[in-house]
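Hello,

Here is the structure I promised to pass on to you. Please open it alongside this email, and my notes on what turned up will follow below.

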Amino acid sequence: MKRTKIVDVLQSTEYGKEVCVKGWVRTHRSSKAVDFIALNDGSTIKNVQVVVDPAKFDEQLLKDITTGACISAVGTLVESQGAGQSSEIQATQLEIYGLCDNTYPMQKKGQSFEVMRKNAHMRLRTNTFGAVMRIRHNMAMAIHTYFHEHGFFYFHTPLITASDCEGAGNMFQVTTKNLYDLKKDEEGKIIYDDDFFGEQTSLTVSGQLEGELGATALGAIYTFGPTFRAENSNTPRHLAEFWMVEPEVAFLDQEELMDLEEDFIKYCVRWALDNCKDDLQFLNQMIDKTLIARLEGVLKETFVRLPYTEGINILQEAIKKGKKFEFPCNWGDDLASEHERYLVEEHFKKPVIMTDYPRAFKSFYMKQNEAQGEGSVGYKGAVAPGPTMQGTDVLFPQIGEIIGGSVREESYDKLMSEIKRREMDMTHLWWYIDTRKWGSCPHAGFGLGFERLILFVTGMQNIRDVIPFPRTPKSAEF
């Protein structure tokens, strides 16, 4: 008999119809008069109740249907007599596909997230991780739908690269060389002539630079794929392998970029509220009781647009009034998550787009503001002591930075001047510089950390719990 997904069974009112459901047992309650099996197949957070008359089935068969077992149940769809569900199944046939003994790590009793991370191959079957993964899918669909509806082209950038977009140097190398017998030159440097690509290559930290090439040909593109960073950070906000969404748009200025960032992220949040109601209600009850209200709040608010200089002034005023921060926040400091969250959660109580950062800690490709140097005037008369760049970072409650964006420097002379000032080795970026020589145009873009979006939408507290198989320092299992 053809299987019906449990999500469809629970929505059906065709009472009296024979249905077949297949899935994994969440609970099995037995008595002499009746057995109740809660069955879930991953199509919904909700279980279907299979009602069994023990007199009609083999006793050993019923004993073998334990938590975690995989079974098929055929029976009559009837209106439920119990609270919390509209339909249930009166079983006429039961078949066990896979037994599950009492060593199964995801028993009904609650496990800590740390225990579940150690059992990542099984944690996906739990209610929490089922909800998170369904929301993750929906956010991916929202992203593709948004950009398709707004005339962007999905652009695939390479995972293997010879360049370092961010200039951080924390990259995973890709090689076919025998690491036990590396050939080196007289200076002790590794010779890559005999390597697969003939030069040193790594896994990419970003598709942005290649994305800019797409934008200057197709007008508006977005990338959406895995990126990698070999940073030894064991924090709840960092992964070694993570997914990035990176749109790049020709002829976009700073104000238009901020409009795009705000509209895009509100679209994703609205999609979650419209398409993930059951899963969000479960997470709101079990993980974060303010989750749905916080998501709805994002849609109601207009994001604050706050120049960095004014943000520093606000933080320093807070310190004068007794606020304690672990890290310094003077002009020229790269703000820590605690500073970003103070601005969002305590001062403005709404999302913030921070703009016009000091040149010192921003990337070489960002466009510099015209007003530079001592005495230049910023937002609300705030004085910026040094040159600033047209960055546009979106800061969210409980997350901090969720989007990092900027207007890109389109001038060849200004870009080369910045490269020389930083004494950068541009050997592998000659092709990027060429775009400023031949038909350069104003353009802008941003990067959204996909897992950080999932953190916000689900209310989960650790980024390792919003990706199926996290890659972190000293951990690459599963």
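Leu395 stands across from Glu401 of strand 17. One place earlier in the chain, Val394 faces Ile403, also in strand 17. Both pairs belong to the antiparallel match between strand 16 (residues 388-396) and strand 17 (residues 400-408), which are joined by four bridges. These two strands form a hairpin with three residues between them, and there Gln398 takes a positive phi near 70°. Please keep in mind that this is a predicted model.

Strand 16 has a partner on its other side too: strand 13 pairs with strand 16 in the antiparallel sense, over six bridges. Here Val394 turns up again, as the bridge partner of Ile353. How many residues of strand 16 are buried? Nine of the nine are, so strand 16 is largely enclosed by the rest of the structure.

Now for the wider sheet. Eight strands make up an open sheet with mixed pairing, in the order 6-10-11-18-17-16-13-12. Strand 6 (153-154) and strand 12 (304-307) are the edges; each has a single partner strand, so one side of each lacks a neighbour in the sheet.

Strand 17 continues the sheet towards strand 18, and the two run antiparallel with six bridges between them. Ile403 takes part in this pairing as well, with Leu448 as its bridge partner in strand 18. Beyond that, strand 18 is joined to strand 11 (residues 241-250) by five bridges, again antiparallel, and Ala250 stands opposite His443 there.

Is strand 18 enclosed or open? Seven of the seven residues of strand 18 (residues 443-449) are buried, so the strand is largely enclosed by the rest of the structure. His443, Gly445, Gly447 and Gly449 point one way, while Ala444, Phe446 and Leu448 point the other way.

Two helices are worth a look while you are in this region. Helix 11 (residues 337-348) lies across strands 12, 13, 16 and 17, and it runs at about 140° to strand 13 (352-358). Helix 14 (residues 450-458) is mostly covered, with eight of its nine residues buried. Among them are Phe450, Leu453, Ile454 and Phe456. After helix 14 comes Gly459, with a positive phi near 80°.

One more residue to find is Thr126, in the loop between helix 4 (120-123) and helix 5 (127-149). Why does Thr126 count as buried? Its relative accessible area is 14%, and the cut-off for buried is under 20%. Leaving aside residues up to four places away in sequence, Thr126 touches Arg26, Met106 and Met116.

Finally, some values for the chain as a whole:

- The secondary structure comes to 14 helices and 18 strands.
- The C-alpha atoms fill a box of roughly 85 × 60 × 45 Å along the principal axes.
- Of the 478 residues, 51% are buried.
- Accessible surface comes to about 23400 Å², with 51% of it belonging to carbon and sulfur atoms.
- Of the contacts between residues at least 6 apart in sequence, 69% join residues at least 24 apart.
- There are 54 positive and 68 negative side chains, and the centres of the two sets lie 6 Å apart.

If you want a place to start, try Val394, which has partners in both directions: Ile353 and Ile403.

Best wishes

Key: Residues are numbered from 1 along each chain as its sequence is written. Side-chain values use heavy atoms; hydrogens and water are left out. Two strands pair if DSSP finds at least two bridges between them. Contact means heavy atoms within 4.5 Å. Axes are lines fitted to C-alpha atoms, for helices over the stretch in contact, and angles run from 0 to 180 degrees between N-to-C directions. Buried means under 20% relative accessible area, exposed over 50%, partly exposed in between (1.4 Å probe, protein chains only). Accessible areas come from the Shrake-Rupley method with a 1.4 Å probe; for residues, only the protein chains shown count as cover. Lys and Arg count as positive and Asp and Glu as negative; His and the chain ends are not counted. The place of a charge is taken as NZ of Lys, CZ of Arg, CG of Asp or CD of Glu.
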